Amino acid sequence: MMIEGSMNKYDVFVESISRLGLQENTVAAMRGLFEACFPNVLTEATMAQLAAPVDELRKLRSKSLTFHFTDLTMSKDGQAVVHFIVPSQTKGGSVNYDVYIEFIPPKGTLFSMAQGTMRPAQKIALLKSCNVKVFCTCQDLNWHGMKYNLKHVYDSYLEGYESSEGIPPGGEDIAPNVRDPHRHNRVCKHLIAAFKAVLTNWTSIIKAAKTYHVPPSKAHAISEESVPEPGMEP
Ligand SMILES: [Zn+2]
């Protein structure tokens, strides 16, 4: 469910023109104009906001996926990136997909915000409050228009993970005007399942963020930026 206040200007635009009863190709043309004229209205989104518009079939298919929380690393922006490995169901488990979710808290980083003592509910709330940038190595995300939607509807595409196992590097960054004229598909079934797995693996994720040691190669770059105070908002 898209909650009041969580819609960005693009969503409001799409919602408004959908009420006009226009032909699909007119809607697509108007959307293209909006994207060309206002590229700076992109906003970041939480897991719930990215998952909300996903179709029921993908949501259903996500339910049978098994997950392995693999590791937590630091992105080039200094934010925490959680990595899950998902064995493919359709390819007999011979292919693994890699799912990456970068967590960007309202302030600081997951590393700084995970410090100190928090009640379990606060830790879960912290993860839910984060904006996320996401990537999955599956075909669906990279070749069916989601990559475009993540980059051009929301600022939610996690760069730099293209060459992982499972897909040809790159994929397509082309507006899915025929396949998804309303730009509903932002995340694949692996990401839908990963968002749920984040909330069931919160202890491992918060612990990994809390005990993460910055590699020496990154420590210098980060020390030059202002490091936020650890701890939660009261
Ligand atoms: Zn996927």
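**Strand pairing and helix packing in a predicted model**

Mentor: In this predicted model, strand 4 (residues 96-104) and strand 5 pair in the antiparallel sense, and 6 bridges connect them.

Trainee: Which residue is the bridge partner of Glu102 in strand 5?

Mentor: Strand 4 and strand 5 are antiparallel partners. Within strand 5, the residue that bridges to Glu102 is Lys133.

Trainee: How many of the residues of strand 5 are buried?

Mentor: Strand 5 covers residues 131-136 and is mostly covered. Asn131, Lys133 and Phe135 point one way from the strand, Val132, Val134 and Cys136 point the other way, and all are buried. A residue counts as buried if 20 or more other C-beta atoms lie within 10 Å of its own. The number of buried residues in strand 5 is 6 of 6.

Trainee: Which residue of strand 5 stands opposite Ala45?

Mentor: Strand 1 (residues 45-46) is joined to strand 5 by 2 bridges, and the two strands run antiparallel. The residue of strand 5 opposite Ala45 is Val132.

Trainee: What is the phi of Gly78, in the turn between strand 2 and strand 3?

Mentor: Strand 2 (residues 68-74) and strand 3 (residues 80-87) pair in the antiparallel sense over 6 bridges, and one bridge links Thr73 to Val81 in strand 3. The two strands form a hairpin with 5 residues between them. In its turn, Gly78 has a positive phi of about 85°.

Trainee: Are helix 1 and helix 2 roughly parallel or roughly antiparallel to each other?

Mentor: Two packed helices are described by the angle between their axes and the distance between the axes. For helix 1 (residues 9-18) and helix 2 (residues 24-37), the axes come within 11 Å and cross at roughly 155°. Angles over 145 degrees count as roughly antiparallel. Helix 1 and helix 2 are therefore roughly antiparallel.

Trainee: How many residues of the contact of helix 1 with helix 2 are nonpolar?

Mentor: The crossing of these two helices is right-handed. Helix 1 contributes Tyr10, Phe13, Val14 and Ile17, which meet Val27, Met30, Arg31 and Phe34 in helix 2. In this contact 1 residue is charged, no residue is polar, and the number of nonpolar residues is 7.

Trainee: What is the angle at which helix 6 and helix 10 pack?

Mentor: Helix 6 (residues 120-129) and helix 10 (residues 202-210) have their axes 10 Å apart, and their packing angle is about 80°. Helix 6 is therefore roughly perpendicular to helix 10, since angles of 65 to 115 degrees are classed in this way. The angle asked for is about 80°.

Trainee: Which residues of helix 10 make the contact with helix 6?

Mentor: From helix 6, the contact is made by Lys123, Ile124 and Leu127. The residues of the contact divide into 5 nonpolar, no polar and 1 charged. On the side of helix 10, the residues are Trp202, Ile205 and Ile206.

Trainee: Is Lys107 buried or exposed?

Mentor: Lys107 is found in the loop between strand 4 and helix 5 (110-113). Its C-alpha is 9.0 Å from that of Cys130, a residue 23 positions away in sequence. A residue counts as exposed if 12 or fewer other C-beta atoms lie within 10 Å. Lys107 has 10 such atoms, so Lys107 is exposed.

Trainee: What percentage of the residues of the protein count as buried?

Mentor: The secondary structure of the protein comes to 11 helices and 5 strands. Of its 234 residues, the share that count as buried is 32%.

Notes:
Residues are numbered from 1 along each chain as its sequence is written. This is a predicted model: local features need pLDDT of at least 70, side-chain atom pairs count only at pLDDT 80 or more; totals for chains, interfaces and linings use all residues. Two strands pair if DSSP finds at least two bridges between them. Helices (H or I, at least four residues) and strands (E, at least two) are DSSP runs, numbered from the N terminus. Axes are lines fitted to C-alpha atoms, for helices over the stretch in contact, and angles run from 0 to 180 degrees between N-to-C directions. Angles under 35 degrees count as roughly parallel, over 145 as roughly antiparallel, 65 to 115 as roughly perpendicular and the rest as oblique. Two residues are in contact if their C-beta atoms, placed from the backbone, lie within 7 Å. Ala, Val, Leu, Ile, Met, Phe, Trp, Tyr, Cys and Pro count as nonpolar, Asp, Glu, Lys and Arg as charged, and the others, Gly among them, as polar. A crossing is left-handed if the near helix is turned anticlockwise from the far one by less than a right angle, and right-handed if clockwise.
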